[in-house]
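Let us walk through this structure step by step, beginning with a pair of neighbouring strands and moving outward to the helices and the chain as a whole.

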Amino acid sequence: MGTVVSIDIADDLPEARLRELVASTCAWLHEVDARFSTYRDDSEVSRVRAGTLKPADGSADLRLVLDKCADLWRETDGYFDAYAAGPLDPSGYVKGWSVEVASARLAAAGSTRHHINAGGDIRMRGTAPDGGPWRVGVRHPWEADKLAWVLAVREGAVATSGTYERGAHVWNPRTGKPAEGLRSVTVAGPDLAVADAYATAALAMGEPGLAWLAKRVADGYESAAVTDDGRAFTSPGLPVAAA
């Protein structure tokens, strides 16, 4: 998926069982990469882009992801768009979805305390190794060695979308140009796939995304954002860690 994934399992289980859980999680993430990568000519997404595979003939996972992307396109008034840059690219949903599924699989296998981080998109369950909440540092959008916020989460997800590492990789579908107005958007909520998509959509909207994010609080999604000119905004329930 073009990023590094770290897995931290805090359950008191035998080492052999922990290794099995990590291996099965890695196998799932590699399966997702093989199916959805835009860099592999043999992936289902690449075959759809090339016209050699119809979406309706793809795997159940492909059909589910494309359906979810369509739902989010409608929910975000078109700002979350798997076709924003031209050819199909559902990566803005796939990464969060794959980690959300990975966490659900770990839970079904008996892990009640874990933390999966895929390039800053994080899903947490239960308590951290120290018995407290998992602490998530949100990178300062200009100073890489500093944090803008530290969040404390026991159950849920945190996703961040920004322009400070990968540059102009999120497009405003209304203008056909790179998104501008917001430098960084972080969303915390119950589902990582949704949080990731919301962060991407708000970044694409620019400053109007701040008002749009405020409406997501009713559904359990809190947020933090930094504008291009350095102003910071947070929703009232953002789980900021105590000092």
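In this predicted model, a good place to start is the pair formed by β2 and β3, which run antiparallel and are joined by 5 bridges. Within this pairing, the bridge partner of Ile116 is Arg123 in β3. The two strands form a hairpin with 2 residues between them, and in this hairpin Gly119 takes a positive phi near 60°.

How many of the residues of β3 are buried? In this strand, which covers residues 121-125, 5 of the 5 residues are buried, so β3 is largely enclosed by the rest of the structure. The burial concerns both directions in which side chains leave the strand, since Asp121, Arg123 and Arg125 point one way while Ile122 and Met124 point the other way, and all are buried. For a reader looking at the charged side chains, it may help to recall that "buried" here stands for a relative accessible area under 20%.

From β3 the path leads on to β6, to which β3 is joined by 3 bridges in an antiparallel arrangement. Here Met124 has Gly156 of β6 as its bridge partner, and Arg123, which was met above as the partner of Ile116, stands opposite Ala157 in β6. Strand β6 is itself mostly covered, with 6 of its 7 residues buried. Further along, β6 (residues 156-162) is joined by 6 bridges to β9 (residues 182-189), and these two strands also run antiparallel; in this pairing Ala159 stands opposite Val187 of β9.

These pairings can now be placed in a wider frame. The strands belong to an open sheet of 7 strands, in the order β1-β2-β3-β6-β9-β10-β11, with antiparallel pairing. The edges of the sheet are formed by β1 and β11 (232-234), each of which pairs on one side only. On average, neighbouring strands of this sheet are turned by 10° against each other, when direction is ignored.

Helix α1 packs on this sheet, where it touches β1 and β2, and the direction of the helix makes about 150° with that of β1. Does the length of α1 agree or disagree with what its residue count leads one to expect? At 1.5 Å a residue, the 22 residues of α1 (residues 15-36) should span 32 Å, and the end C-alpha atoms are indeed 32 Å apart, which agrees. The buried residues of this helix include Leu21, Thr25, Trp28 and Leu29, as well as Val32, Asp33, Arg35 and Phe36. Their cover includes the strands β1 (5-9) and β2 (114-118) together with the helices α2 (44-50), α3 (60-75) and α4 (91-108).

Helix α4, just named as part of that cover, can be examined in a similar manner. Its 18 residues should span 26 Å at 1.5 Å a residue, and its end C-alpha atoms are 25 Å apart, which agrees. Among the buried residues of α4 are Tyr93, Val94, Lys95, Trp97, Glu100 and Leu106. The buried residues of α4 pack against β1, β2 and β3 as well as against the helices α1, α3 and α5 (192-205). After α4 comes Gly110, whose phi is positive, near 110°.

Another pair of strands deserves a separate look. Strand β4 (residues 134-139) has side chains that alternate: Trp134, Val136 and Val138 point to one face and are buried, whereas Arg135, Gly137 and Arg139 point to the other face and are not. This strand is joined by 6 bridges to β5 (residues 147-153), and the two run antiparallel, with Arg139 standing opposite Leu147 in β5.

Finally, the chain can be considered as a whole. It has 6 helices and 11 strands. Its radius of gyration is 18 Å, close to the 18 Å that the globule rule gives for 243 residues, so the chain is as compact as a globular protein of that length. The C-alpha trace spans about 50 × 45 × 35 Å along its principal axes, and 46% of the 243 residues count as buried. Among contacts with a separation of 6 or more, 59% are between residues 24 or more positions apart. The accessible surface comes to about 11600 Å², and 51% of this surface belongs to carbon and sulfur atoms.

Conventions:
Residues are numbered from 1 along each chain as its sequence is written. This is a predicted model: local features need pLDDT of at least 70, side-chain atom pairs count only at pLDDT 80 or more; totals for chains, interfaces and linings use all residues. Side-chain values use heavy atoms; hydrogens and water are left out. Helices (H or I, at least four residues) and strands (E, at least two) are DSSP runs, numbered from the N terminus. The expected span of a helix is 1.5 Å times one less than its number of residues. Buried means under 20% relative accessible area, exposed over 50%, partly exposed in between (1.4 Å probe, protein chains only). Contact means heavy atoms within 4.5 Å. Two strands pair if DSSP finds at least two bridges between them. Axes are lines fitted to C-alpha atoms, for helices over the stretch in contact, and angles run from 0 to 180 degrees between N-to-C directions. The radius of gyration is taken over C-alpha atoms; the globule rule is 2.2 Å times the number of residues to the power 0.38. Accessible areas come from the Shrake-Rupley method with a 1.4 Å probe; for residues, only the protein chains shown count as cover.
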